[in-house]
Every structure is written in structure tokens, then in C-alpha cells.
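Colleague: Please take a close look at one part of this model, the surroundings of the ligands, and set it in the context of the fold.

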Amino acid sequence: MTAQKRIAIFGSTGSIGTQALEVIAANPDKFSVEILTAHTNDELLIQQALKFEPNMVVIVDEKKYQRVKDALSKTHVKVFTGEDALDEVAAMDCYDIMLAAIVGFAGLKPTLKAIENGKTIGLANKETLVVAGDIVMRKASENKAPVIPVDSEHSAIFQCLVGESRNPIEKVILTASGGPFLGKKPNFLVNVKRDHALQHPNWSMGAKITIDSATLMNKGLEMVEAKWLFNLKPEQVQVVIHPQSIIHSMVQFEDGSVKAQMGLPDMKLPIQYALGFPERLPNQFPRYDFKKPNTLTFEEPDTRTFRNLVLATEALYKGGNMPCILNAANEIAVFAFLRNRIGFLDITEMVERTMNKITFIENPTLDEYFDSDGEARNFAASLIQM
Ligand SMILES: NC(=O)C1=CN([C@@H]2O[C@H](COP(=O)(O)OP(=O)(O)OC[C@H]3O[C@@H](n4cnc5c(N)ncnc54)[C@H](OP(=O)(O)O)[C@@H]3O)[C@@H](O)[C@H]2O)C=CC1
Ligand SMILES: CC(=O)[C@@H](O)[C@H](O)COP(=O)(O)O
Ligand SMILES: [Mn+2]
């Protein structure tokens, strides 16, 4: 019997984090939970800690610390608080695999810390690679820290590449559902509100990524993520709309052969695959039924309407700090849209204006990525007050 893998879930109270805990609960002989972290959701963190009895938890919001500490006082769970605590526990010896499931730029620093300590990373947080993919992948290689994708498209590509290490990739084809506004035009999109944009047709996810799917920025971020994970040139990354989300992505090899990974849209599968890798673990997840009449369709993205895909492609080709700028502006814009401060189409407008404003750096240091992120956020935020 193989030893239990010791898991640290950064972002345990989110959509990915809670599904990861379901996977772990179903496989107690395979996994133990050592670290759980949350931003502000003290109640769920406490419940999770009482159930899984990790070594330690982090509640980033210092106002919630005492509540968590009191609630766990009769357990052996150590409680930490503050942003720096994420980096500190990421450097600890008590775990083997970090599931990087914090949303946004905030996930970058703890993930880098885990990489510097040679941990295996199950990477859900795509923003980490969008912001500083060159540094993250270089450090991962220097520290022999495997990065196993959790994002469904990248997990699909990773699965297609198993056993193909000698065979160059011609291109990868990322599938996109098209989101809730597939087929809609700007005259419709100008009026859409957050509640409609939060209705993803196939996946149940956190709010930020759900809005990104509706604007197609999610696929733009995933293009950059794919470049770094699989060491691709920008022209080797293609996007196709596949509204059913059954094919999770494809790899085309030099002989023209295309491999696809398929299944029902359920994030528990890529989460379980990353935690269990290289083993495939049995489970009771629902299966795709080929006997049911189903049509799988593919179409070109409408980039005249969903211009985020154009902006992200520009950032992908330009490189340097441009994807970091794109990401920062997008995070500010999505946050503002979720609070009804700006309209749906303003998201793209804000990202474009920020990309045109912030100084381009071809080979940024980590500090310069942090500076670019801060400058882009400030500029994007200044556009909201207008
Ligand atoms: N959900 C999905 O199906 C998929 C998600 N991903 C990616 O995975 C990541 C997580 O997504 P998802 O689970 O949907 O997000 P959620 O919003 O559901 O969860 C985010 C998690 O991060 C924590 N968090 C938020 N802000 C901070 C912060 N500033 N510092 C520390 N922790 C923070 C939250 O804590 P709290 O609850 O306390 O606020 C929560 O635990 C994203 O990068 C997303 O793009 C990729 C593919 C699919
Ligand atoms: C589940 C997952 O990986 C998401 O990134 C999903 O792919 C979003 O759907 P879209 O294809 O609509 O962006
Ligand atoms: Mn995805």
C-alpha cells in the first residue's frame, strides 16, 4: 500500500477547495488534510477543520482570527492569520502537495513559496501563470517541483500528453463553452447584469471565474496558462467554442493525429487526477452516456463581440508584463461588475485602456511583476470613478 499523500488546500472554502475536500473524504486511505486556508469565511473553515482535523489553518482576515481560534481550542489544530501567514505555512514541511485554489493574484506568492520548497503543486489558480509564468515555471524546474494542472482544459491536455514525451506538439486546442452569452451581440450585452452573467451553462464555479467565462477572458487567461505549462509558442494555442463542455481540450501531434480528453463537466475529476497522479483512482462520479442522443458541436469564437479574447491574444504574443497587466485590470473590472459599479462591456474597455497605459517591460523581475500589478490595479480602479 502506498503512503498517504499529505495535502494542503490553499483556498479550501471556495468552489475548487470544497470539491477537493469531497475527493479527499472519499479516499481517506490515499490522502490526509494538513493545511486549510480561507480569506474571510471563518464559519466554513471552522466546519472543515473540525471534520478533517488538519495540522494547521490560516484565516487571512485578522478580524476573524479569534473566532476561529476559540472554535478550534479543543482540537490540536494550529491557527494562523494575516496575509504573510499564507507564505509561512506554504513553506512548512508538514505536507506533500499544495492544491493552489486561491482565486486571483493573491495565489501567486504562496504558490511560489511552495515551489521554492520543492512541493508538488496541483494548480487551479491560473492567474499565477498568467502573471509570472516564466518565473513560476523556471523555479518549478530548478526546485524539481512538479506542476500538475487542475484547470479542466489543461488537465485534459496533460492527460493527452501522458506517454507522449518524445512527440512534439503541433498545437493544443482549448475548448470554450462560450458561456451564458454565446451567440449574443453587443446590443444585448450592454444591458446584462451580474445575476445573468453568473449563470454558467455547464459548470458551477466561483463568481470571478464565472464572469471570466461569460466575457471569454477565462479562455484568454487559459491560453497564457497553456503556453507556460506546456512550453508552447503563442501560435500553437487555438481556441474553439464547444458549447457542450464534453471534450475538455485536445492535442494535435505532428502526424496530424488529435487526442481529446472527454467526460461530463465535473471539476472533481481533474482535482482527483492531480491529487492522485500518476494513479487514476476509482470513483462514483456520473459517466458520460454515449447511448443518449447527444450532439457535440464546434464553432469559431466571435472575437468581434468578445474582444477580451483578442486582448488576451495580444498579451500572449507580446509577453513580458502584458499578461500581468491584463490580469490585474480584469480582476478590478470583474470585481466592479460584480458590485454593479460598471457594465458588462466596460470590463473589456477597462482592460484595453489599462494595457495601453502601463509601461511595458519585456523581461520583468518578480518585483517588477508586483509593481506592474499594482500600477495596473490603480489605473483600472481610477477608471471606475469617472
Ligand atoms: N471553480 C472552478 O470550477 C474552477 C476554478 N479554477 C481556478 O481556481 C481558482 C479558484 O477558483 P474558485 O474555487 O472558483 O474560487 P472561489 O471564489 O470559489 O474560492 C476562492 C478561494 O480563495 C480564497 N480567497 C479569496 N481571496 C483571497 C485572498 N485575497 N487571499 C487568500 N485567499 C483568498 C477564498 O476564501 P473565502 O471563501 O474565505 O473568501 C476561497 O477559499 C481560480 O483561480 C479559478 O480561476 C479553474 C478551473 C475551474
Ligand atoms: C471548469 C473549468 O476549467 C473552467 O475554466 C471552465 O472551462 C469554464 O468554462 P468556459 O469554457 O466557459 O470558460
Ligand atoms: Mn478551465
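Modeller: Helices and strands here are DSSP runs numbered from the N terminus, with H or I over at least four residues for a helix and E over at least two for a strand. The model is predicted: local features need pLDDT of at least 70, side-chain atom pairs count only at pLDDT 80 or more, and totals for chains, interfaces and linings use all residues. Residues are numbered from 1 along each chain as its sequence is written, while chains are lettered from A and ligands numbered from 1 in the order in which they are written.

The division of the chain comes first. Domain 1 spans 5–149, domain 2 takes 154–264 + 285–304, and domain 3 covers 319–386; these bounds come from an automatic or database domain assignment. Taken over C-alpha atoms, the centres of domain 1 and domain 2 are 26 Å apart. Their contact (C-beta atoms, placed from the backbone, within 7 Å) draws 13 residues from domain 1 and 14 residues from domain 2. On the domain 1 side, α6 (127–142) and β7 (147–149) give two or more residues each, and α6 gives the most, with five.

Ligand 1 lies between these two domains because both give residues to its shell. That shell has 28 residues, the closest being Gly 11, Gly 14, Asn 41, Met 205 and Gly 206; a residue belongs to a shell if its C-beta atom, placed from the backbone, lies within 6 Å of the ligand. Helices α1 and α10 each supply at least two residues, and α1 gives the most, with three. By class there are twelve nonpolar, twelve polar and four charged residues (nonpolar: Ala, Val, Leu, Ile, Met, Phe, Trp, Tyr, Cys and Pro; charged: Asp, Glu, Lys and Arg; polar: the others, Gly among them).

Helix α1 (residues 15–25) also has a buried side, made up of Ile 16, Gly 17, Gln 19, Ala 20, Leu 21, Val 23 and Ile 24. A residue is buried with 20 or more other C-beta atoms within 10 Å of its own, exposed with 12 or fewer, and partly exposed in between, C-beta atoms being placed from the backbone. These buried residues pack against β1 (5–10), β2 (31–38), α2 (42–52), β5 (97–100) and α12 (268–276).

Around ligand 2 stand Asp 151, Ser 152, Glu 153, Ala 176, Ser 177, Gly 179, Trp 203, Ile 209, Ser 213, Asn 218, Lys 219 and Met 267. Two or more of them come from each of α7 (152–161), α10 (207–215) and α11 (217–230). The classes are four nonpolar, five polar and three charged residues.

Met 267, one of this shell, sits in the loop between β11 (258–262) and α12. It counts as buried because 20 C-beta neighbours lie inside 10 Å. Leaving out residues up to four places away in sequence, Met 267 touches Ile 16, Gln 19 and Ser 152. Ile 16 and Gln 19 are among the buried residues of α1. Met 267 and Ser 152 are 115 residues apart along the chain, yet their C-alpha atoms are separated by 6.9 Å.

As for annotation, an unreviewed UniProt entry lists residues 147–230 as "domain: 1-deoxy-D-xylulose 5-phosphate reductoisomerase C-terminal"; positions follow the numbering used here, feature names are shortened, and annotations may be inferred rather than shown by experiment. That span is 49% helix and 13% strand, and its end C-alpha atoms lie 11 Å apart.

Methods:
Contact = placed C-beta atoms within 7 Å.
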